[in-house]
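Please open the model in your viewer, with the sequence panel alongside, and follow the stops below in order. Each stop names a selection and then describes what is found there.

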Amino acid sequence: MGNHNGESGLKRELKTNQLTMIAMGCAIGTGLFLGSGLAIGTAGPSVLLSYAIGAFIVLLLMGCLAEMTVAHPTSGSFGTIAEKYINPWSGFIVRYSYWVANVLAVGVEVSAIAVYMKYWFPDVPGAVWILFFSLVLIYVNATSVNTFATFEYWFSMIKVSAIVLFILLGSYVLFGGPDQSSIGPQNFVNDGGFMPFGWWGMWVAIFISLFSFLGTEMIAVTAGEAKDPDVAVPKALKATVFRLSTFYVLTIAIMLMIVPWQSAGVDKSPFVKVMEILNIPGASGIMNFIILTAALSAMNSQLYASTRMMYSLSRGGYAPAFFGKISKKGIPSRALAVSTGGIFLAAAVGAIVPDSSYAFMMGISMFGAIFTWFMVFISHLFFRKQWERNGGRKLPVKMIGFPYLTIAGAVLLLSLMLTTWVTPFKIMLQFGVPWLIFLSIAYMVWKKKNMNHGALQKASSMSDNDMKVD
């Protein structure tokens, strides 16, 4: 298939271990360190089930993604695939929704960074940190793909080591430490049983758990710059999902056995609370540093993802050609510039409603990401049908249980999205539905404008041979 849409200016430099670390880095952000407190408060101990179901959905997603990405390794990734196999409209809204999700997610991480820095500098306004760290990461992203990947690799290394260390320390407290009657598996059922909020609490927490897994789809975006996508992508996807599920479920299980679930709030990371119980000198400071790294690393990879999506939109003729220019170092620097918008939005929201800025930004950025995931499942149904009908070459990677598991993933995600209407995450749909309507109108306008223009031919030429499906 090669790179269509002229996305060939990007350099293929990323290795498998870098891909895995980038996706881990993107996913182990504030979702685990801060969001887990929110999830525990929503579901109580049954949050373990929520994370397990969340991991299952992501596993299905990765199966579909691996199959399609190996067939089409481009930076536009799922956007390009939706355009080719469903229709140009869906490619347009998927790319823009994913772009906006990442732009806003950068804002979510940056609002969290301002919270973490308060630990050491309670008097410095958050906006100062937002600007400082944003400038550093914009610089890293503007230098070269390798600089970005190296940074991300070490950022992720710190986080992963921290989680492993946490699991070891927690196990020591549970099985070998000083005997404390308040610690142990009985905490799973002590306060109101395993499901203090019933099935409903467990269900809503799945939604929060998905926020922790956001970013795993990054591997599909980096495929356009991977050295050997056929081998690297499926390998990195499998490794990522397996490690993440193990990390999350183990970490939260240990956390719940040590800290009674009622006291795991969002004011302080549950991790810091565990450290304080352990009486490690300077523990909360160390933990705060690790969590800061986590947020920076997630922000770093989200900036990367949104830049590549805007670049892909521009190359496909869906955004001004201006954003498709590549710098001498092989970086789409103009796409990078426009993708920093979330940072300024976060700074503004943080200044206006400092107390609820995290939840607000999280709800908005969630929509684009979950919608993109949903469209990956839908694209997969179209993709496989057409691939087999056209007698395409044998797929190197194949999703198991097709079409049942693909449909199961789509149905689970859709039901989760709809139920947010009666939860505190209502903002997601309040923002999402008007957003899709706005995008559809934008698409109509764009299409009309380009009808007589060569851009439409260019965008559809890649796929009009097999675009007979409607």
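The tour goes from the whole chain to a pair of helices, then to a pocket, and finally to single residues.

**The whole chain**

Begin with everything displayed as a cartoon, keeping in mind that this is a predicted model. The protein has 18 helices and zero strands, and buried residues make up 59% of its 470 residues. If one takes the contacts between residues at least 6 apart in sequence, 82% of them join residues at least 24 apart.

**Helices H8 and H16**

Next select residues 198-213, which form helix H8, together with residues 404-419, which form helix H16; their axes come within 10 Å and cross at roughly 105°. An angle from 65 to 115 degrees counts as roughly perpendicular, so H8 is described as roughly perpendicular to H16. Show the side chains where the two helices meet: H8 contributes Trp200, Trp203, Ile206, Phe207 and Leu210, while H16 contributes Leu412, Leu413, Ser415, Leu416 and Thr419. By class, the residues of this contact comprise eight nonpolar and two polar, with no charged residue among them.

**The loop before H16**

Now step back along the chain to proline 403, which is placed in the loop between helix H15 (357-389) and H16. In general, most peptide bonds are trans. The bond from phenylalanine 402 to proline 403, however, is cis, with omega near -5°.

**The second largest pocket**

For the next stop, select Leu59, Met62, Gly63, Lys238 and Ile400, which are the closest to the centre of the second largest pocket among the 16 residues that line it. The space in this pocket amounts to about 320 Å³. Which helix supplies the largest share of the lining? That share, six residues, comes from H3; helix H3 (47-71) and helix H10 (229-258) each supply at least two residues. Colouring the lining by class would give 13 nonpolar residues, one polar and two charged.

**Serine 156 in H7**

Move on to helix H7, residues 145-175, and pick out serine 156 within it. Is this serine 156 buried or exposed? Serine 156 is buried, with a relative accessible area of 1%, a value that falls under the 20% cut-off for that class. Leaving aside residues up to four places away in sequence, serine 156 touches Met21, Gly25 and Ser297.

**Two residues in the loop between H7 and H8**

The last stop is the loop between H7 and H8, where glutamine 186 is found. Glutamine 186 is partly exposed, with a relative accessible area of 30%. A C-alpha to C-alpha distance drawn from glutamine 186 to proline 260 comes to 9.8 Å, although the two are 74 residues apart in sequence.

Within the loop between H7 and H8, select methionine 195 as well. Methionine 195 is partly exposed, with a relative accessible area of 22%. Its C-alpha lies 6.8 Å from that of alanine 43, and the two residues are 152 residues apart in sequence. To finish, display the contacts of methionine 195, which touches Ser46, Leu49 and Met202 when residues up to four places away in sequence are not counted.

Definitions and conventions: Residues numbered from 1 in each chain as written. Predicted model: local features only at pLDDT ≥ 70, side-chain atom pairs only at ≥ 80, totals over all residues. Heavy atoms only, no water. Axes fitted to C-alpha atoms, helices over the stretch in contact; angles between N-to-C directions. Helix = DSSP H or I, 4+ residues; strand = E, 2+ residues; numbered from the N terminus. Parallel < 35°, antiparallel > 145°, perpendicular 65-115°, else oblique. Contact = heavy atoms within 4.5 Å. Nonpolar A, V, L, I, M, F, W, Y, C, P; charged D, E, K, R; others polar. 1 Å grid on protein atoms, 1.4 Å probe; cavity = no way out; pocket = protein on both sides within 12 Å on 5 of 7 lines; lining within 4 Å. Points joined across faces, edges and corners; volume = space filled by probe spheres on them. Buried < 20%, exposed > 50% of the residue type's maximum accessible area, 1.4 Å probe, protein only.
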